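These are my notebook entries on empty spaces and aromatic rings. I opened the sequence and the structure before I began.

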Amino acid sequence: MATKEIFNQISPSEFFYRNRDLAGFSNPTRSLYTAVREFVENGLDACDQQGIFPDIHLTIKPVDAEKPDPKPYILTVKDNGPGMESKQIPMAFGTVLYGSKFGLKQARGMFGLGATMAILYGQITTNKPVTVVSSVDGKTQHEYVMMLDIQKNKPVIVKHSAKETNKKGLSVSIVLEGDYSKAGSKIRDYVSQTSLITPYATITFDDPKGDKFSYKRIVDLMPPSPTIIKPHPHGVDVETIRRMIVDTHYQIPTLDNNMIEKVRKELGLAKKNLNFDGIMAKAEKKWSSLSRPVRVIVALMSFLKMDFDKIMKIRIDDIDLAHKHLTYWDFGESKSIMVEMPKSSPYYKQLANTVHGETIATFLTKRFQRVGQATAVKFTEFAGLKAEKRIGSLSNDELVQLSDSLQKYEEFLAPDPSCLAPLGEEPLRKGINEFFNPDFAEVVQRSASAYSGFPFIIEMGIAYGGQIPGGKITTYRFANRIPLLYDEGSDVVLKVVNETDWSRYKVKNDAPLVIVSHICSTRIPYKTVGKENVADRPEIEKELRLALLFLARKLSAYMSKKGLAEIEKKRSNLYQKYLPLISQFATELAGKNKEPDYKKLIKDLNMNVETQK
Amino acid sequence: MSKPKSKTEKIAAAKRDSLLDLLKTEGSKIYTDLDGGQFPHLYVPSRSVRNIVYDKKLRQYILGKAAGLRSSKNMAQLRSFTQLIWLAFFAKRLVNEKKSSTLRDIYYSSQAFEMDFEDQPESDNIIMDLEAVLARPREDFHIFPEERSSVFGDLTIEYTVPGYEGRRVNLSDHPDGYLIGPSLSSAELVDTSAELVIAIEKGGLFTRFVEEKVDKKFKAIIIDTTGQAPRSTRYLLKRLRDQMKIPVVILTDGDVYGEHIAMVIKSGSANAAHLRELTVPDAKWIGVWASDIEKYKLPTIPMTESDIKRIYDLQKDPRYQEGIWKKELEVFLKIKRKAELEAFSKYGLTNITDKYLPEKLELAKSL
Ligand SMILES: Nc1ncnc2c1ncn2[C@@H]1O[C@H](COP(=O)(O)OP(=O)(O)OP(=O)(O)O)[C@@H](O)[C@H]1O
Ligand SMILES: [Mg+2]
């Protein structure tokens, strides 16, 4: 049995079930919080991508209010986004690693796994199905009730119905084991902080205790949606390159009926049967008009010396260009046969091109951003590779060499940041002012930078005084508009904040001070799949530092001014106290009955104080 | 004023009136400033070491020309400016109501007016500021020291303090002597038969001198300075010299501190450089000199480190650059020993009055 198990393939679902800790589903407290996050973020992502002001409604209701925590809760998240095509729903919500956000652009979702993990967790703990209701046109809405087949990574549709509606959007509802008494404060923090970094969204939360938390949209400006872009040369590793090369290959065409039909048609032999030589002669005449796949089939036929009937009874197994061998499986004779491919044949080159794919230069210019023809040529010189070499013919060593050189070559322009969607300084400032009601706020958006080929932008805000409580400096961390609430200990943003010597900026360590940090990137270097803390990449750390430095200087300038104002106030108080006394004493010393008119002096002082503000 | 004023009363009243005038002048300046929308200010003669200079003609330390602007416009000075005006105001009340007070009284009185003195040294300092501004000793505005020395001898005074106005007392009526307190300080000196004032450093010797009738034998007024003479005592000494024309001699322990006690009576202290009313320039130090220690074979005590250091310090003082002042310092430094006044008791309790004093007084004539 033991040996058999080794060959048992586990499905991705099962893999993630086994590794659910990584994805943030470790216990009822954390799981409830994570599930909320996954659905809210999906709703926001969907709206963002369509430029719709999000209106998200989150509800958590206990199945049985009397039971003590942990207990089953019904979690529902409803959005006003674009919804999802009916037939895609089972796949998107019923399988893991199915998502629309793998492309290189900024989104909250990254792994194509969040929603499904939450659904999976709910099903495992309560054995209840998930309900998804979606409408893409605002006329018809589809409702799916589904269970997931963990073993097969496949949804089981319990019920599917359609009915009329007048609202676009999608709503997901699951039943899951949770502990709201413990998770509540984190969930409320999450919702309120989300409203801070998404000031263009309206978010409401009906909590299990019957409390309603409502955050209205405060800015009428949505950040422009980002565009999808090709990878930057610095952002790929050997494995990625290997995958990209496979994608570029012209697959050796399968010799099925459809394909043979196509070849006959292009050769003008749809109705006519010719022998091998006849076919070859015809092909030579028509060569220039033939499509690429057809040329490949013709080349193969030339070596196999077969006509249409014969070629339909074999399967091509291998094309070994180095040894000029072509191997095929003959279904009729049930054996593997190898034939020679003479290099002299004009068809050899045709086949070689196909199998080896495009040249390195073409591969680079077509598949990467920031690589033009000239850069590609210069780069290949740097890498010690021939620009004209076919990408498919690279040996393993050469592939590593290519990959290493892509990392090392410094002449590539920085990654294109158009795939990023920072919030913007004004919305951030508004969000901060609304949220904290401070005496002073300043924000900054750094220009785009990159780490390992992934572009990123740091946005940061600082707020002081007003309704901010003192005691300690609080840092609000966001990444791609997600609040990060757990695992703060090891986060790079906190590292940067903690290493700042605040006394240099006239700020005490217990000042009523808040820092809001937002990292936007096509790939946030999270330490875990749970998306809670950001690893310290030197490039990111440097940008964070520069942003904080800028803000700290602004704060320091404000503090100096404030200091002056305070001195003015003190001054005014002193004079209010002492001038009347001086007046009283002088009156008696001078032997007068009436006090002098010293009030003018105090009035002047007040004016001074006011103009200083 | 029911009864006609005596001469002394008139003198006292004139002095008081001139002080009140001075206060009124200062007060009016401030009043006018305030009324005209100006921040009032004052100039306070600087009492910093750099502004204390030795005046060869006066033979005493005086303040130089430097004066600090104390302005209510300067936030840092606002409080001390107010304190100074308050003190002037309070002084006026003291003088008008003929009440006396002490440095400590002032510190506590200030609290009723929220003057916010941090401690007594701060209020003492403001008192010195006012002395400097008015160029009058604080006794003139009825602020007296706590430490009190005594006086004995044929001297008739007339009180000016409330309740005793016009009453006269002869200071030889009580053998313990009379405290040199506020009422004595403000009293007028009316009459005396004395031809000499002997200021003596120690209470014990003062009592001996009274017992031995030094006042009669030498026609002297005896004053106990209780160590370094308090300002009221120096003030009395000055008045005895200036008003009653009686020469002053000083008798101290035979050490460097004693020599300096005599010097302060003669030419003042740096501390009171802002006042010129406290010196007796022709007062004579008659002993105990360093050279007397040898001459009279007095029992001695070795000098301490600090005694010796003090000698070196005083050698830098311009007043110690000539005469016996210079010579005696040198002898002290040479013998490195000192002797107290009581040392004469070795030769009998009356040795000092019978033998030493007459010899020294005789010698003093040639000083
Ligand atoms: N509310 C929604 N409206 C429209 N499409 C949605 C919505 N929720 C999910 N989707 C689609 O379903 C896909 C799968 O979602 P899922 O949360 O599993 O993965 P993800 O968001 O891409 O990545 P991550 O694992 O990081 O959350 C998404 O990529 C998106 O295309
Ligand atoms: Mg998601």
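I first fixed a term: a residue is buried under 20% relative accessible area, exposed over 50%, and partly exposed in between, with a 1.4 Å probe and protein chains only. I noted that this is a predicted model, where local features need pLDDT of at least 70, side-chain atom pairs count only at pLDDT 80 or more, and totals for chains, interfaces and linings use all residues. Residues are numbered from 1 along each chain as its sequence is written, chains are lettered from A and ligands numbered from 1 in the order in which they are written, and side-chain values use heavy atoms, without hydrogens and water.

**Entry 1: aromatic pairs**

I took rings of Phe, Tyr and Trp (its six-membered ring) as a pair if their centres lie within 6.5 Å; planes under 30 degrees apart are stacked, over 60 edge-to-face and the rest tilted. I found 36 aromatic pairs over all chains. In one of them, Trp287(A) and Tyr347(A) meet edge-to-face, with 5.6 Å between centres and 70° between the planes. Trp287(A) is partly exposed because its relative accessibility is 23%, whereas Tyr347(A), at 12%, counts as buried.

I then looked up Tyr575(A) and Phe39(B), an edge-to-face pair at 5.6 Å centre to centre and 70° between the planes. This pair crosses between chains. Tyr575(A) has a relative accessible area of 0% and is therefore buried; Phe39(B), at 18%, is buried as well.

I also recorded one aromatic cluster, formed by Phe585(A), Trp86(B), Phe89(B), Phe90(B), Phe113(B) and Phe117(B).

**Entry 2: charges over rings**

I applied this rule: NZ of Lys or CZ of Arg must be within 6 Å of the ring centre and within 35 degrees of the ring normal. The charged end of Arg217(A) sits over the ring of Phe53(A), 4.0 Å from the centre. Arg239(B) lies over the face of Tyr235(B), 5.4 Å from the ring centre.

**Entry 3: cavities**

A cavity is a set of points on a 1 Å grid over the protein atoms alone where a 1.4 Å probe fits but cannot get out; lining residues have an atom within 4 Å of a point. A volume is the space filled by probe spheres set on the points, which are joined across faces, edges and corners. I found five cavities of 30 Å³ or more. The largest has a volume of about 140 Å³. Of its 15 lining residues, those closest to the centre are Asp48(A), Gln106(A), Pro226(A), Ala421(A) and Arg481(A). The second largest cavity has a volume of about 50 Å³, and its lining includes Leu589(A) and Leu23(B).

Notes. On a 1 Å grid over the protein atoms alone, a cavity is a set of points where a 1.4 Å probe fits but cannot get out, and a pocket is an open set with protein on both sides within 12 Å along at least five of seven lines; lining residues have an atom within 4 Å of a point. Helices (H or I, at least four residues) and strands (E, at least two) are DSSP runs, numbered from the N terminus.
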